[in-house]
Amino acid sequence: MASAASFGVQAFFDAVTSTVSYVLHDVASREAAVVDPVWDFDAKSGRSSTLSAQRIVDYLQAQQLDLRWVLETHAHADHLSAAQWLRAQVPAGAAGTAAPVVIGQQITTVQKVFGGIYGMDDCIAPQGADFDRLLCDGDVLVLGATRIRALGVPGHTPVDLAYAVEAAGAVAAIFVGDTLFMPDVGTARCDFPGGDARALYRSISRLLAHPPQTVLYVCHDYPPAWRTAAWCSTVAEQRAHNIHVHDGVNEAAFVAMREARDATLGMPQLMLPSVQVNIRAGRLPDADAQGRRFLKLPVNAL
Ligand SMILES: [Fe+2]
């Protein structure tokens, strides 16, 4: 576990989807937030499992942490969110209610686009109310004396937020979502509906304007063959070594690289199953009279 004086971060890497989920906790109060929990889903069989999310629940219980927030950096297209399952497993803490599921305010834009693609406008709650709280850039959540500041970092999608952890008045760490990856992997794609390489460059520039020692926790790792998965770097390391956006790469060069690269990428394996769940905060479609649930598969829509 990485730790500063006043907060701790524990990572949980899901090798199937290459996703990193995190538990952030405030040491003094034991209040915690979970970032981007994964709900295991096998698209070939349609079978789900809570193995990954159970590891997080076990950790929260073993460490006697009081879950206060479930934070989504964006509506993921590569895994299904375990947010609803996870909040239901953890006993209501001092707040007396299950932890709120949080995402950026722009989720309504993403819901509008994908609601149309899936033909599910009628099952999406108005004004983003499938989520318990929508954040704008600059909004602050609290875990004891630790503050979590939402940073709007659009580009990969319109709704992307990074979560900056402030302790003793300074940003010490940032959960960067899908913006930067590890320096030898580069940056997130921008070719999903509403994606924008120019916006991503500006969002990354904003992240990399933090002090050099600021710790950056990525949302995914796709490690090359010569190393194991990793998720933690610093602003200084990214500025020196990120293969897509190291110091000296200007916006035009980045956009040209990003758009050319995106044109070669296939759809993520779980994109169609996952987005319809994730835009509703990790809720599966309602069960029918026999208790069956069905995901949708839009044809020729993307
Ligand atoms: Fe993503």
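H76 sits in the loop that joins β7 to β8. Helices here are DSSP runs of H or I with at least four residues, strands are runs of E with at least two, and both are numbered from the N terminus. The model is predicted, so local features need pLDDT of at least 70 and side-chain atom pairs count only at pLDDT 80 or more, while totals for chains, interfaces and linings use all residues. Residues are numbered from 1 along each chain as its sequence is written, and side-chain values use heavy atoms, with hydrogens and water left out.

H76 has a relative accessible area of 0%, so it is buried. Buried means a relative accessible area under 20%, exposed means over 50%, and partly exposed is in between, with a 1.4 Å probe and protein chains only. Leaving aside residues up to four places away in sequence, H76 touches D36, C219, S274, V275 and N278. Contact here means heavy atoms within 4.5 Å. Between the C-alpha atoms of H76 and G195 there are 13 Å, and along the chain these two are 119 residues apart.

One of the residues that H76 touches is D36. D36 belongs to the loop between β4 (31-35) and β5. Its relative accessible area is 2%, so D36 is buried. The phi angle of D36 is near 55°, which is a positive value in a residue other than glycine. Q64 also has phi near 55°, again positive in a residue other than glycine. Q64 is found in the loop between α1 (51-62) and β7 (66-71). Is Q64 buried or exposed? Its relative accessibility is 66%, so Q64 counts as exposed.

The contacts of H76 also include S274, V275 and N278, and these three are among the buried residues of α7. Helix α7 covers residues 271-278 and is mostly covered, with seven of its eight residues buried. The buried ones are M271, P273, S274, V275, Q276, V277 and N278. What covers these buried residues? Among the elements that do so are β5 (38-42), β8 (80-81) and α3 (107-118).

The next topic is the iron ion. Which protein atoms are its donors? They are NE2 of H74, NE2 of H156 and OD of D178, at 2.1 to 2.4 Å from the ion. A donor is an N, O or S atom within 2.8 Å of the metal (3.2 Å for Na, K and Ca), and since water is not among the atoms, sites may look incomplete. The spacing of the donor residues in sequence is H-x81-H-x21-D. H156 and D178 link distant parts of the chain: H156 is in the loop between β12 (146-152) and β13 (161-167), D178 is in the loop between β14 (170-175) and α4, and the two are 22 residues apart. Both H156 and D178 are buried.

Strand β14 contains I174. With a relative accessible area of 0%, I174 is buried. Its contacts, not counting residues up to four places away in sequence, are L151, A162, Y163, A164, L207, H210, T214, V215, L216 and Y217. I174 and C232 are 9.9 Å apart from C-alpha to C-alpha, with their positions 58 residues apart in sequence.

Helix α4 (residues 197-207) meets α6, and their axes come within 9 Å and cross at roughly 125°. Axes are lines fitted to C-alpha atoms, for helices over the stretch in contact, and angles run from 0 to 180 degrees between N-to-C directions. This makes α4 oblique to α6. Angles under 35 degrees count as roughly parallel, over 145 as roughly antiparallel, 65 to 115 as roughly perpendicular, and the rest as oblique. On the α4 side the contact is made by A197, R198, L200, Y201 and R202, and on the α6 side by E251, F254, V255, R258 and E259.

Helix α6 (residues 251-262) also holds R261. At 39% relative accessibility, R261 counts as partly exposed. R261 and C190 are 71 residues apart along the chain, and their C-alpha atoms are separated by 9.7 Å. The loop between α6 and α7 contains L265. L265 has 30% relative accessibility, so it counts as partly exposed. Not counting residues up to four places away in sequence, L265 touches R189 and R258.
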